Amino acid sequence: MRCPPVHCRHLGERVATKHRWSLAVDPAEREALPPYAADCPNARITYDPAV
């Protein structure tokens, strides 16, 4: 599976939002995301923790 750059950006923003707000990841999401993330090896996830 090859993800276009826009999908990598969306995936990164989704993960950053989950981290920023300490949101849970359900089992289906945890299973579905890694194959997409594998197509984005150069993606960097940065976020500022919510206060």
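Start with the buried residues of α1 in this predicted model: Cys 8, Leu 11, Gly 12, Ala 16 and Lys 18. Around the helix axis they cover an arc of only 160 degrees, which puts them on the same side of α1. That fits the helix itself: an α-helix has 3.6 residues a turn, so residues three or four places apart point the same way. And what does the buried side of α1 pack against? Its buried residues pack against α2. Turn to the face of α1 that looks away from the buried side, and you'll find the exposed residues Val 6 and Arg 9.

The helix runs over residues 5-20. Its length is easy to check: at 1.5 Å a residue, the 16 residues of α1 should span 22 Å, and the end C-alpha atoms are indeed 22 Å apart. After α1 comes Ser 22, with a positive phi near 50 degrees.

Now let's walk along the buried side, beginning with Cys 8. This residue is bonded through a disulfide to Cys 40, with the sulfurs 2.0 Å apart. A search of the whole structure turns up 1 disulfide. What does the link tie together? Cys 8 sits in helix α1, while Cys 40 belongs to the segment after α2 (27-37), so the pair connects parts that are 32 residues apart in sequence. The handedness of the Cys 8 to Cys 40 link is left-handed, with -85 degrees about the S-S bond. Are the two ends buried or exposed? Cys 8 has a relative accessibility of 15%, so it counts as buried, and Cys 40, at 11%, counts as buried too.

Next on our walk is Leu 11, also in helix α1. With 12% relative accessibility, Leu 11 counts as buried. Which residues does it touch once neighbours within four places in sequence are set aside? Leu 11 is in contact with Leu 33, Tyr 36 and Ala 37. As for Ala 24, which is 13 residues away along the chain, its C-alpha atom is separated from that of Leu 11 by 15 Å. Keep Ala 24 in mind, because it comes back with Lys 18, whose side chain has a polar atom 2.9 Å from the backbone oxygen of Ala 24.

So what is a lysine doing in the list of buried residues? Lys 18 is found in helix α1, and it forms a salt bridge with Glu 29, the closest N and O atoms being 3.1 Å apart. Lys 18 lies in α1 and Glu 29 in α2, so this pair ties together parts that are 11 residues apart in sequence. Both Lys 18 and Glu 29 are buried. Leaving out residues up to four places away in sequence, Lys 18 touches Leu 23, Ala 24, Val 25 and Glu 29.

Glu 29 has another partner, Arg 14, and in that salt bridge the closest N and O atoms are 2.8 Å apart. Once more the bridge goes from helix α2, home of Glu 29, to helix α1, home of Arg 14, so it ties together parts that are 15 residues apart in sequence. Through these shared partners, salt bridges join Arg 14, Lys 18 and Glu 29 into one network. Accessibility varies within this group: Glu 29 counts as buried at 9%, whereas Arg 14, at 36%, counts as partly exposed.

How many salt bridges does the structure hold? There are 3. One of them is between Arg 9 and Glu 13, with 2.8 Å between the closest N and O atoms. Here both residues belong to helix α1, where they are 4 residues apart and thus separated by about one helical turn. Arg 9 is exposed, with a relative accessible area of 59%, and Glu 13 counts as partly exposed at 42%.

Put side by side, the links make a neat picture. The disulfide ties Cys 8 in α1 to Cys 40 in the segment after α2, Leu 11 makes contacts with Leu 33, Tyr 36 and Ala 37, and the network of Arg 14, Lys 18 and Glu 29 is held by salt bridges with shared partners. On the face of α1 turned away from its buried side, Arg 9 is exposed together with Val 6.

Definitions and conventions. Residues numbered from 1 in each chain as written. Predicted model: local features only at pLDDT ≥ 70, side-chain atom pairs only at ≥ 80, totals over all residues. Heavy atoms only, no water. Disulfide = S-S within 2.5 Å. Helix = DSSP H or I, 4+ residues; strand = E, 2+ residues; numbered from the N terminus. Buried < 20%, exposed > 50% of the residue type's maximum accessible area, 1.4 Å probe, protein only. Contact = heavy atoms within 4.5 Å. Salt bridge = Lys/Arg side-chain N within 4 Å of Asp/Glu carboxyl O. Polar contact = N/O pair within 3.5 Å; in protein donor to acceptor, adjacent residues only side chain to side chain. Expected span 1.5 Å × (residues − 1). Arc of directions from axis to C-beta.
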